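Take a moment to open the model and turn it around. Below is a walk through it, one part at a time.

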Amino acid sequence: MPSDKTAPWTIESVLRWASDDFLAKGIDSPRLDAELLLAHALNTTRMQLILDAKKPLLPGELGRFRALVKRRRAREPVAYLRGEREFFGRSFAVDARVLVPRPDTECLVTVALTRTRHCSMSMRALDACTGSGCVAITLAKERLTSHADATDVSPDALAVAQHNALRLGAYNVAFYEADLFPPHGHAYDIVVSNPPYIASSEIDTLMPEVSRFEPRIALDGGPDGLSFVRRLLEGGRSVLSQEGVLAIEVGDGQAPQVAALFEQNGYRDVECARDYGGIERVVSGVWYTPTK
Ligand SMILES: C[S@@+](CC[C@H](N)C(=O)[O-])C[C@H]1O[C@@H](n2cnc3c(N)ncnc32)[C@H](O)[C@@H]1O
């Protein structure tokens with residue numbers, strides 16, 4: 001509350017109140033979250049909030065912001081409250097039907113673009129476990145003459161992904177409701193995946209934003225978290241072209257074991273790439289079809 005109880009709420013005072021409240025609730029980035037939510041409630045930018053710091057809020061604006069603060073206090077992710085999240089410089093629509101795209105997953109896109117330079121004009125890609133479509137759509141937008149297939153078992157997630165492809169004008173992506181691999185798909189130059197990779201028993205120990213709000217089907221990677229990784233390594237061998245690349249996002253600490261699984265499954269030139277935080281995040285390898 002402003003110290004003078006009769007003073008109107010201004011942008012500055014309401015931001016201070018909300019960020020103190022978020023801090024007390026143990027939220028990681030209290031000031032940033034307060035700014036993002038206020039900018040959303042006022043349909044403006046964070047920069048404009050700074051410029052208009054002394055401006056009083058209208059009753060309707062205050063009401064909208066209070067409603068968002070209440071939901072954030074209950075640990076609903078900011079991205080769901082705003083209905084969007086930036087990924088690789090583009091805005092993706094998100095809601096509770098899909099995992100919130102993470103900055104770490106940009107590493108998967110970078111690895112895919114780097115390891116397919118030789119076929120950049122004609123690349124055929126598969127994004128297995130597409131969720132919001134952020135990876136498939138980014139590849140398609142970065143490589144306009146390529147084609148990407150994208151799969152998910154969740155029709156809800158596919159609806160969000162298709163909406164994102166339309167709003168971002170990615171016309172070279174096709175979506176399929178399928179268990180990892182589309183029925184007809186083969187001869188991909190690259191298969192990328194950010195599969196569910198949390199061990200089932202760990203999900204309830206994650207921060208509430210994740211464990212309570214993100215779809216469990218997007219998180220649960222089976223008893224050791226690697227069930228999907230094993231299936232991707234095995235299935236990748238039949239859908240990759242000669243010298244096609246498989247690139248998989250993994251959890252913190254999983255990379256050495258996953259790299260060993262790549263080798264055991266016959267992939268070569270296995271590499272681990274680090275995310276912005278220096279964690280080994282993406283394991284990739286090349287499939288050479290054995291000669292008869
Ligand atoms: C970790 S999320 C990744 C979403 C998105 N690619 C991203 O990076 O933000 C995993 C996604 O895999 C989907 N999924 C779970 N099991 C699957 C399966 N067997 N085949 C295809 N997709 C699956 C979930 O619905 C979820 O959308």
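Let us begin inside the protein, in its largest nonpolar core, which has 32 residues. Bear in mind throughout that this is a predicted model. Within that core, V135, I137, L139, V173, F175, I190 and V192 touch the most other members. Several elements supply two or more residues each: helix 6 (106-115), helix 7 (134-142), strand 4 (147-152), helix 8 (155-167), strand 5 (173-177), strand 6 (188-193), strand 7 (240-249) and strand 9 (280-287). A general tendency is worth recalling here: in soluble globular proteins, nonpolar side chains tend to be buried together.

To see this core from one residue's point of view, try I137. Which residues does I137 contact, leaving aside neighbours within four places in sequence? They are F92, S132, A161, N164, A165, L168, A170, V173 and F175. Apart from this core lies another one, made of 24 residues, with Y188, L233, V239 and V250 among them.

Now step back to the whole chain. The protein chain contains eleven helices and nine strands, and its C-alpha atoms fill a box of roughly 85 × 40 × 30 Å along the principal axes. Of its 292 residues, 52% are buried. Contacts also link parts that are well separated in sequence: among those between residues at least 6 apart, 67% join residues at least 24 apart. The domain assignment gives domain 1 (11-74) and domain 2 (89-287), and the C-alpha centres of domain 1 and domain 2 are 34 Å apart.

Next, look at two hairpins. One is formed by strand 1 (residues 84-87) and strand 2 (residues 90-93), which pair in the antiparallel sense over four bridges. Here R85 has F92 in strand 2 as its bridge partner; F92 is also one of the residues that I137 contacts. Two residues lie between the strands of this hairpin. One feature to look for is F88, in the loop between strand 1 and strand 2. F88 has a positive phi of about 50° although it is not a glycine. Most residues other than glycine have a negative phi, and most peptide bonds are trans. Is F88 buried, partly exposed or exposed? F88 counts as partly exposed because its relative accessible area is 24%, which falls between the 20% and 50% limits.

The other hairpin joins strand 8 (residues 268-274) and strand 9, again in the antiparallel sense, this time over five bridges. The bridge partner of C272 is V283 in strand 9. Five residues lie between the strands of this hairpin, and G278 takes a positive phi near 85°. Strand 9 has already appeared on this walk, as one of the elements that give two or more residues to the largest nonpolar core.

Now turn to the ligand. There are 19 residues around the ligand, and the closest are C129, D152, D179, L180 and N194. Three polar pairs can be picked out. A polar backbone atom of C129 is 2.9 Å from a nitrogen atom of the ligand. For T130, a backbone N or O atom lies 3.2 Å from a nitrogen atom of the ligand. In D152 the atom is a polar side-chain atom, 2.6 Å from an oxygen atom of the ligand. L180 deserves a further look. This residue sits in the loop between strand 5 and strand 6, and its phi is near 65°, a positive value in a residue other than glycine. L180 is buried, because its relative accessible area is 3% and buried means under 20%.

Finally, compare two glutamines, Q254 and Q257. Q254 is found in the loop between strand 7 and helix 11 (255-264), while Q257 lies in helix 11. Q254 is buried, with a relative accessible area of 12%, whereas Q257 counts as partly exposed at 43%. Leaving aside neighbours within four places in sequence, Q254 contacts Y197, D224, G225 and L226. With that same range left out, Q257 touches D224, L226 and R230. So where does L226 lie relative to Q257? The two residues are 31 apart along the chain, and their C-alpha atoms are separated by 9.5 Å.

Note on methods
Residues are numbered from 1 along each chain as its sequence is written. This is a predicted model: local features need pLDDT of at least 70, side-chain atom pairs count only at pLDDT 80 or more; totals for chains, interfaces and linings use all residues. Side-chain values use heavy atoms; hydrogens and water are left out. Two strands pair if DSSP finds at least two bridges between them. A nonpolar core is a set of buried Ala, Val, Leu, Ile, Met, Phe, Trp, Tyr and Cys residues joined through side-chain atoms within 4.5 Å. Buried means under 20% relative accessible area, exposed over 50%, partly exposed in between (1.4 Å probe, protein chains only). Contact means heavy atoms within 4.5 Å. Domain bounds come from an automatic or database domain assignment. A residue is near a molecule or strand if one of its heavy atoms lies within 4 Å of it. A polar contact is a pair of N or O atoms within 3.5 Å; within protein, one must be able to donate a hydrogen and the other to accept it, and residues adjacent in sequence count only if both atoms are side-chain atoms.
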